[in-house]
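This report goes through selected contacts and backbone features of one protein model. The sequence and structure come first, and the description follows.

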Amino acid sequence: LPAVSPLGVEDRTSFMTRSGTLDLEFLPGERAIGHFDLVLEAKHGHARGQTVDFDFDLLLDLAEARDQGIVNYEGCEPPPFEIESTWPRAGTEHLTLERPRIQVAFSDRIDPETFDEATFQVTYPRIGGELVPVGGRILRDDERVTFVPDEPLLPGVWHTVRVAAGETGVRSRGGEPLEDTEGSGWRTSKFATRVDTIPETDGDQLLACHLFQTARDAPLVPGKPAVARVWAMWERQIGVDEAAHVEELAARVVIKDALHNELAAAWHTFVRPDRWGERRIQLRAAEHTAQIFGLVPRAGLAGPLRVELEVRDEPGSETLRIAHVGRCPTTVWDHSPRLSIDFVALPFGEWEDSDALTAVGPALNRIAAAAANHSWQLFPVVDVEHGPVRTLPFPPGYRLPPVADCPSGCLMNGAGEGHWWQGFDAWLRGQSSADIVVAFGPHGVQEGGSSGGHVRQAGRGAALFLVSDNPELFSRYVQGVVHEVAHTLDLEHLPFIADGPGANARRDELLALREGSKPIVYRGIEGLLISRDGRSARNKSSVEGNEDDTWLPPLMFPGGFPTHRSFIANHHYRALQRLFEDLGK
């Protein structure tokens, strides 16, 4: 610049541009060259309004200017070529579409010539980890690439979307490469397809729902708690690396009515069947299935019910989406039977002593209450009504001789014509208006401890059961009482033992089985032992096992078991329903 102002102004003044041009050449990181050809006009002082020609070149060393802090390059670089979004999002699970349009969107316009089957792939790993590209078409848009599979994707498999990165990968329209941030030559994201629960043949694939109040899928008693058990099973895909298989399915299992109103729901994590052993899934405890509590069927409920599996399909999402749908076979019974039992204590044997009978009273009431509840659990009734155990005295002058003189069962069923016990069962039934009279006698008077009767045409019956206050026998007493009550409801022994020659030998053979070391399992029990409040249950299955024991004989086995070991057979449960229908209960 000239040492002396051509305007003769030595003090500072300001100028504005009147006209002219300015050309800039900018080489990032190297230099900036400016050519100024301007006419400037003074703004102040005596030279105000006068002009000066301003014509010169300026060279700026940018590297030196950056070192001196004169130039700041922050934010000046062009944005890198990046992936802005993918669909499905990375980590997505339960993708329901068989042939989804898989898309990747970029931050800039793409060079379509760099996108082909070698640089843009949807893959799954075969055994050993080698990635196998899925066949399909690639569609290119300005800033987006879409892959359309030719065939349905493999179900229950983690797939990998791969976009080639680095100098030999895909590029923007301006030639910017996609940075190889993973160091593998690819940018990747993974998603999992929905597992397939629909079997093509008789296999392990299944989405099923069964309803229980006791026996599986029997007509439901209105007003009584029920449980829905849901199975979700699928198979691994042949030839796919194990690490890519979906092994778990965490879902909110929902039971709905025919109008899609939610009735009950619970979360459960299903595990693929071939992993049950490795995961220590206990089939006998029904851990491989979801148990949905809180169902109380009402009269007129239309079936079948609907089961839905709701899942979180995207990482971090709180939104649930229905991924699987099935049905629960549902029949609501048009009966709600109530069973009344009158528990009485007979003062004979050692109980002729009133103090001894009083002392055993609390134990009798515990047995009666537990037997009534167990009857409610096993029988198709909405309630079992009973009161405390009462003493039932014999008529004046009537006294039972030693029971040891009476063969097994002789006191009941109208047996013993011409003997002292003739008519005992009829007398016992005549002492109460309840459906069933259960009479307790002292266990010590006869080994074995029980004798039973059958329901009569009017729907009333009686049973005699011999007990004590021995706590070690409590559970067996409870089961025995329910066994005898079942006899009064026309259920016969299972296995059946016909009267006549050899009957006692056959009974002794079965009792020997009961005392043996090999568990008895009857192939005809599929049920749940459900708590009174309907909020918990124990699995009783001749296929899956008894949750409480290795034994599972039927309730009507001709010999008593503790309550946790036995359960009512399915066909006996249905026989009781037919009986109550015939009785109009």
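How many salt bridges does the count come to? The model is a predicted one, and in it the count comes to 28 salt bridges.

**Salt bridges**

Three of these pairs are set out below, with the N to O distance for each.

| Basic residue | Acidic residue | N to O distance |
|---|---|---|
| Arginine 18 | Glutamate 41 | 2.9 Å |
| Arginine 275 | Glutamate 242 | 3.0 Å |
| Arginine 338 | Aspartate 383 | 3.6 Å |

The salt bridge of glutamate 41 and arginine 18 joins distant parts of the chain: glutamate 41 belongs to strand β2 and arginine 18 to strand β1 (residues 15-27), with their positions 23 residues apart in sequence.

Arginine 275 and glutamate 242 are joined by a salt bridge as well. Arginine 275 is in the loop between β16 (262-271) and β17, while glutamate 242 is in the loop between β14 and β15 (248-256), so this pair ties together parts that are 33 residues apart in sequence. Is arginine 275 buried or exposed? Arginine 275 counts as buried, because its relative accessibility is 14% and the limit for buried is under 20%. Its partner, glutamate 242, has a relative accessible area of 25% and is therefore partly exposed. Both residues also belong to a network of salt bridges, in which Arg236, Glu242, Glu247, Glu248, Arg272, Asp274, Arg275, Glu278 and Arg279 are linked.

In the third pair, the side chains of arginine 338 and aspartate 383 meet at 3.6 Å, N to O. Arginine 338 is in strand β20 (residues 338-345) and aspartate 383 in strand β21 (residues 383-386), which puts them 45 residues apart, in distant parts of the chain. Arginine 338 is partly exposed, with a relative accessible area of 45%, whereas aspartate 383 counts as buried at 18% relative accessibility.

**The disulfide**

A disulfide is a covalent bond between the sulfur atoms of two cysteines. The structure holds 1 disulfide. Which cysteines form it? Cysteine 209 and cysteine 328 do, and their sulfur atoms are 2.0 Å apart. The link of cysteine 209 and cysteine 328 is right-handed, with 90 degrees about the S-S bond. Because cysteine 209 lies in strand β13 and cysteine 328 in strand β19 (residues 321-328), the pair ties together parts that are 119 residues apart in sequence. Cysteine 209 counts as buried at 2% relative accessibility. Cysteine 328 is buried too, with a relative accessible area of 0%.

**Aromatic rings**

A search of the whole structure gives 11 aromatic pairs. One of them is formed by phenylalanine 36 and phenylalanine 54, whose rings are 6.3 Å apart, centre to centre, and meet edge-to-face with 75 degrees between the planes. Phenylalanine 36 is in strand β2 (residues 31-42) and phenylalanine 54 in strand β3 (residues 51-61), so the pair links distant parts of the chain, 18 residues apart. Phenylalanine 36 counts as buried, at 18% relative accessibility, and phenylalanine 54 as partly exposed, at 24%. Ring pairs join Phe36 and Phe54 with Phe56 in a cluster.

Two charged residues are placed over the ring of tryptophan 376. Lysine 224 lies over its face, at 4.8 Å from the ring centre. The charged end of arginine 532 sits over the ring of tryptophan 376 as well, 4.4 Å from the centre.

**Backbone features**

Where are the cis peptide bonds described here? One runs from tryptophan 87 to proline 88, with omega near 0 degrees. Proline 88 lies in the loop between β4 (83-87) and β5 (92-95). Another cis peptide bond runs from glycine 303 to proline 304, again with omega near 0 degrees. The loop between β17 (290-295) and β18 (305-311) holds proline 304.

Positive phi values also occur in residues other than glycine. Histidine 94 has a positive phi of about 60 degrees and is found in strand β5. With 7% relative accessibility, histidine 94 counts as buried. Aspartate 217 has a positive phi near 60 degrees, and its place is in the loop between β13 (206-212) and β14 (226-233). Aspartate 217 counts as partly exposed, at 29% relative accessibility.

Notes
Residues are numbered from 1 along each chain as its sequence is written. This is a predicted model: local features need pLDDT of at least 70, side-chain atom pairs count only at pLDDT 80 or more; totals for chains, interfaces and linings use all residues. Side-chain values use heavy atoms; hydrogens and water are left out. Helices (H or I, at least four residues) and strands (E, at least two) are DSSP runs, numbered from the N terminus. Buried means under 20% relative accessible area, exposed over 50%, partly exposed in between (1.4 Å probe, protein chains only). Rings of Phe, Tyr and Trp (its six-membered ring) pair if their centres lie within 6.5 Å; planes under 30 degrees apart count as stacked, over 60 as edge-to-face and the rest as tilted. A charge sits over a ring if NZ of Lys or CZ of Arg is within 6 Å of the ring centre and within 35 degrees of the ring normal. A disulfide is a pair of cysteine sulfur atoms within 2.5 Å. A salt bridge is a side-chain nitrogen of Lys or Arg within 4 Å of a carboxyl oxygen of Asp or Glu.
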